[in-house]
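Got your viewer open and a selection box ready? Here is a walk through the model, one stop at a time.

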Amino acid sequence: MLWFALSRNERKTLVMQIEEELRNRIFSGQLSADEQLPSSRELAKSLGVSRNTVNEAYEQLLLEGYIYRIARSGTYVSKGLSFQKEQGSILGEKMVTNVETKKDVIDFKASQPAIDYFPKHAWANVYKQVCLAADDHVFGYQTAYGNMDLRAAIANYLGRLRGVNADPNQIFITTGATQALSLLTRLLASEGDVVCVEDPVTEEMRRIFLEAGAVLQPIHTDEHGMDPANLPQSSKPRFVFTIPSHQFPLGAIMPVKRRIQLVEYARKMNTYIIEDDYDSEFIYEGTPVQAMQSLDGERVIYIGTFSKILSPSLRIGYMVLPYHLVKRAEQQKWFTDRHSSSLEQMALAAFINEGSFEKHIRKMKKLYARRRKVLVEAINDTFRSCDIIGQAAGMHLVVRFKDRDEINQKNLAENKVKAVVVEDFSLRKGFHKNELILGYGHLNEMEIKEGVIRLKKALQ
Ligand SMILES: Cc1ncc(COP(=O)(O)O)c(C=O)c1O
């Protein structure tokens, strides 16, 4: 008699559960080749299900070749199916640990927006309107450049708020800043070509360039950002990657003199500057410095993203390209993933045009400014000998603990607090061992204060 447990609460139907159990038993050899299976009537009785349910499962297994039938005799297990299934692949394990969040750990992870503040209602309204009003052609393939309404809305926004000179035809929608950087690396560099990057730079950014085939040359970064004096003079890099509005992670704003030097370098060497402007909306002191792209739209390629302002899950970013690169970028994007999701782009265009986007920025700016203030106060009240480095901007800050040479990650883990040491993001080692990156965008005030208490314990 064949019997196994079935669950009526599972998301899988009874038919699927029977199929799965029989497949597993066939693979494992518990049901061996040419072994006769019970009739559908017998199995239905044993499992307490209808005969139709078992028949449906048998039909599917027959179709897939797991079993065969002999007329007027019965149903049998096919030959040669004993097979060892891998238990928990390496990839599977990795994915589980990636999504796992340890609830009782306070994680000062950088660049994490407050996703619980996503404007669900405004977004849902605009998305529904756009979807219902969309012409049929919207549901087919579109151009690789992206939706024209969104490109026009971005051009207008960038012109007003970032000083970027761009006609909508130069704006290219991508699947986040990540894809923009990946496409650009493949567009501008061949396998093995050198690209210059600010040092420190996140592991993620580094990997984007490396995966696209480039070789990295680190350029030292100080309290004013990347120093152009350190750029190579004898051979040209394919591009120079910089985050001048708020260097990540050190938070420097690059002064205009260095920006001019960088543009002059790009002109002299006939190369490009890639300007990542990923969180420039959130400046809490003074006024935002205009984007470098405004100095030279032929040499500076500007990259922006909606991941920090709205949500990383939207996967919408963009680049502002010199005209001569637009067509080539179109080819790269088309053969990578055709284009980014059209409805999301149309909804975003409507969201910007109706004013909801800038309203959301204002709200988030207040929230992050408040969180930053709480963090700064907690640090100053708790630690005697430290500096807070970088501009009051973005969603993270860096603390330099002057009274210690390095920070022991093990001590942080033991006290249930997590934060990355700047040294981990450094290509040239030895300069940032006593500096911690503290992201506060996603943490509420209580968590921030508790996190600092734990840091204190960890660093005692
Ligand atoms: C420096 C920097 N630029 C850009 C991004 C945004 O990437 P994306 O737009 O692909 O989400 C990130 C993400 O954390 C980042 O750290």
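## First stop: a pair in helix H1

Select Glu21: its relative accessibility is 24%, so it counts as partly exposed. Keep in mind that you're looking at a predicted model. Now add Arg25, which is buried because its relative accessible area of 16% falls under 20%. Glu21 and Arg25 form a salt bridge, and their closest N and O atoms are 2.8 Å apart. Both residues sit in helix H1 (residues 14-28), with a spacing of 4 residues, or about one turn of the helix.

## Zoom out for a moment

Show the whole chain as a cartoon. There are 14 helices and 17 strands to find your way around. Along the principal axes, the C-alpha atoms fill a box of roughly 90 × 60 × 50 Å. The chain has 460 residues, and 50% of them count as buried. In total, the structure holds 24 salt bridges, so a few more of them are worth a visit. Side chains of opposite charge can pair when their charged atoms come close.

## Salt bridges across the chain

Next, select Arg258 and Asp222. Their side chains meet in a salt bridge at 2.8 Å, N to O. This pair links distant parts of the chain: Arg258 belongs to helix H9 (residues 256-269) and Asp222 to strand E7 (residues 215-222), 36 residues apart. Is Arg258 buried or exposed? It is buried, with a relative accessible area of 11%.

Move on to Glu445 and Arg370, whose side chains also meet in a salt bridge, here at 3.0 Å from N to O. Again the pair links distant parts of the chain, with Glu445 in helix H14 (residues 445-459) and Arg370 in helix H12, 75 residues apart. Glu445 counts as partly exposed at 27% relative accessibility. Arg370 is partly exposed as well, with a relative accessible area of 42%.

For a group rather than a pair, select Glu203, Arg206, Arg207 and Glu211. These residues are linked in a network of salt bridges.

## Out to the surface

Switch on a surface and select Lys359, Arg362, Lys363 and Lys366. Together they gather in a patch of positive charge on the surface. Use Lys359 as your handle: this residue is found in helix H12, which covers residues 356-382. Lys359 is exposed because its relative accessible area is 57%, over the 50% cut-off. Helix H12 should ring a bell, since Arg370 from the salt bridge with Glu445 lies there too.

Now for a patch of another kind. Which residues make the nonpolar surface patch of about 240 Å²? Select Val256, Ile260 and Leu295, and you have it. Val256 is placed in helix H9, the helix that holds Arg258. At 53% relative accessibility, Val256 counts as exposed, whereas Arg258 is buried at 11%.

## Last stop: two cysteines

Finish by selecting Cys196 and Cys386. How many disulfides does the structure hold? The count is 0. Cys196 is buried, with a relative accessibility of 0%. Cys386 also counts as buried, at 12% relative accessibility.

Methods:
Residues numbered from 1 in each chain as written. Predicted model: local features only at pLDDT ≥ 70, side-chain atom pairs only at ≥ 80, totals over all residues. Heavy atoms only, no water. Disulfide = S-S within 2.5 Å. Buried < 20%, exposed > 50% of the residue type's maximum accessible area, 1.4 Å probe, protein only. Patch = residues over 30% accessible without salt bridge, like charges linked within 9 Å, V, L, I, M, F, W, Y side chains within 5 Å. Areas by Shrake-Rupley, 256 points an atom, 1.4 Å probe, with all protein chains shown as cover. Salt bridge = Lys/Arg side-chain N within 4 Å of Asp/Glu carboxyl O. Lys, Arg positive; Asp, Glu negative; His and termini not counted. Charge placed at Lys NZ, Arg CZ, Asp CG, Glu CD. Helix = DSSP H or I, 4+ residues; strand = E, 2+ residues; numbered from the N terminus.
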